[in-house]
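Biologist: I'd like to walk through this model with you, one question at a time. Could you keep the reasoning short and finish each reply on the thing I asked for?

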Amino acid sequence: MNAILTEKLERAKSIVLLGHVRPDGDCVGSVLAMYLYLKKTAPSKQVTVCLEKPLEKFNYLSGFSEIVTDADAVSAPDLAVALDVSDKGRLGGFQRLFDDAKDTLNIDHHITNPHFAATTICEPEASSTCELLYTLLDSDQVDEPIAAALYTGIVTDSGVFKYGSTSARTMRIAGELMEKGIPFGEIIDGAFYRKTFVQNQIMGLALLHAVENADKTVIYSIVTEAEQRRLGTVHADLDGISEQLRLTAGVKCAVLCSEMEPGSWKLSLRSLEPVDVAAIAMRYGGGGHIRAAGCTIVGKRAEEIMEEVIRAAEAQLHV
Ligand SMILES: [Mn+2]
C-alpha cells in the first residue's frame, strides 16, 4: 500500500470516510472500496462511511446498507478521509466531521483541488478517484466486492471508457479488476445505462419532439413543466437526453431546453468541434466545459431562446 496512506492509517484508531454532496458512482465506489479494504486489511480499526443518501441504483455494492447518512450519529474521528471531494464545501453536512478530525486526508482527481486537507493525494490525470485509489492499494488484497466498487467508479467517471480522461492505465486497471471476477456487464448497465420506465418515457418524448436546424447541424428539444408533471419525472430523470441528441448523425450542437418551473428554462448543451457551448452558456450566466455546458434562463419564451442559441452556434460553425 502507498506509504503516506499506510502511515496515516497506522496512527488512527477511528476513521471516517467521506464523499461529496449528491454522490455519483465514483464517489460511492471509492468510499465503499476504501471501506471494504480497511474492514478486510485492518479489522481492529473503527471505520465508518458517511455519505448523503446515494442513488438506489448503486445498492448492488457491498457495504451499501452500512452507509451512515446522519452526520450527527457519528463522532469526530482520529482520521477523516475525503474521497472524490474537489473542495471542502462539497462535503456538505459532513464538513464538521472533517473539521473536527485529528488528521485529514483527501484522495481526489480534480485539477481544481485546492489541497484543503492536511495531506492531499490528487492526480488530475486519473480518470476517476477509483482509478487513483487502486494504485494506492495492495492489489493482492483487492477482492471481488472491492473490485466491483472500484470498477463502478471508473466506468461512471469515464463514461464507460469514452471521455478524454480514459488512458491506457485506466484500461489496464479495469482489466485487473475484471480478473477479480466482477460481473462487469451488469455493473456497466446498472451504474451507467439502465433507466427507469419514466426516464425512458421522457427521453422518448424529448427525441420525438426534437427539431433540426442550421442544415441539420443544430438539434434541440423543448420539454415543458406540464409534460414532466404528466409523466411524473423529477429533473434528474432528464439526465442523458442532451447527450443522446448530440449523438444524432451530422449534429454539431445539441440543446435540451427543459422547464424547471413555469417560465424557468434550463439549457443542457452538448457539442462537437468546433462548437464551444461553454461560450454560449456563459452569455446567460451559465458555464461548464467546451463540449458540455448549461445555464438557466428566466423571462423568455423557449422558442425565442432556441432562436438565439441556434444563431450563436451557427456563427461558430461558419467562421
Ligand atoms: Mn470522480
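Biologist: Which helix is included in what covers the buried residues of helix 7?

Modeller: Ground rules before that: this is a predicted model, where local features need pLDDT of at least 70, side-chain atom pairs count only at pLDDT 80 or more, and totals for chains, interfaces and linings use all residues. Residues are numbered from 1 along each chain as its sequence is written, and side-chain values use heavy atoms, with hydrogens and water left out. In helix 7 (residues 184–193), the buried residues include I187, I188, G190 and A191, where buried means under 20% relative accessible area, exposed over 50% and partly exposed in between, with a 1.4 Å probe and protein chains only. Helices (H or I, at least four residues) and strands (E, at least two) are DSSP runs numbered from the N terminus, and the cover over those residues includes helix 5 (144–157).

Biologist: Take I188, then: which residues does I188 touch, leaving out those up to four places away in sequence?

Modeller: I188 sits in helix 7 and counts as buried because its relative accessibility is 15%. Its C-alpha atom is 10.0 Å from that of I154, 34 residues away along the chain. With contact meaning heavy atoms within 4.5 Å, the residues that I188 touches are Y151, V155, V160 and Y193.

Biologist: On to the metal. What are the protein donors of the manganese ion?

Modeller: Donors here are N, O and S atoms within 2.8 Å of the metal (3.2 Å for Na, K and Ca), and since water is not among the atoms, sites may look incomplete. Along the chain the spacing reads D-x57-D-x24-H-x47-D. At 2.1 to 2.3 Å from the ion, the protein donors are D26 (OD), D84 (OD), H109 (NE2) and D157 (OD).

Biologist: How many residues apart in sequence are the parts that D26 and H109 tie together?

Modeller: Both D26 and H109 are buried. D26 belongs to helix 2 and H109 to the loop between strand 4 and strand 5, so this pair links parts whose separation in sequence is 83 residues.

Biologist: In the five-strand sheet, which strands stand at the edges?

Modeller: Two strands pair if DSSP finds at least two bridges between them. The sheet is open, its pairing is parallel and its order is 2-1-3-4-5. A strand with a single partner has one side without a neighbour in the sheet, so the edges are strand 2 (46–50) and strand 5 (119–122).

Biologist: What is the bridge partner of L17 in strand 2?

Modeller: Strand 1 and strand 2 run parallel and are joined by five bridges. S14 stands opposite Q46 in strand 2. For L17, the bridge partner in strand 2 is V49.

Biologist: Which residues of strand 1 point the other way from S14, V16 and L18?

Modeller: Five of the five residues of strand 1 are buried, so that strand is largely enclosed by the rest of the structure. S14, V16 and L18 point one way, and the residues pointing the other way are I15 and L17.

Biologist: What angle does the direction of helix 2 make with that of strand 1?

Modeller: Helix 2 is largely enclosed by the rest of the structure, because 14 of its 17 residues are buried. Axes are lines fitted to C-alpha atoms, for helices over the stretch in contact, and angles run from 0 to 180 degrees between N-to-C directions. Helix 2 packs on the sheet, touching strand 1 (14–18), strand 2 and strand 3, and its direction makes with that of strand 1 an angle of about 160°.

Biologist: Which helix gives the most to the largest nonpolar core?

Modeller: A nonpolar core is a set of buried Ala, Val, Leu, Ile, Met, Phe, Trp, Tyr and Cys residues joined through side-chain atoms within 4.5 Å. This one has 52 residues, and L17, I107, V142, L150 and L177 touch the most other members. With 10 residues, the top contributor is helix 2 (residues 25–41).

Biologist: And the six-strand sheet: which helix packs on it?

Modeller: That open sheet has mixed pairing and the order 6-7-8-9-11-10. Strand 7 (residues 218–223) pairs with strand 8 (residues 253–261) in the parallel sense over six bridges. Touching strand 6, strand 7, strand 8, strand 9 (264–271) and strand 11 (292–298), the helix that packs on this sheet is helix 12 (residues 302–317).
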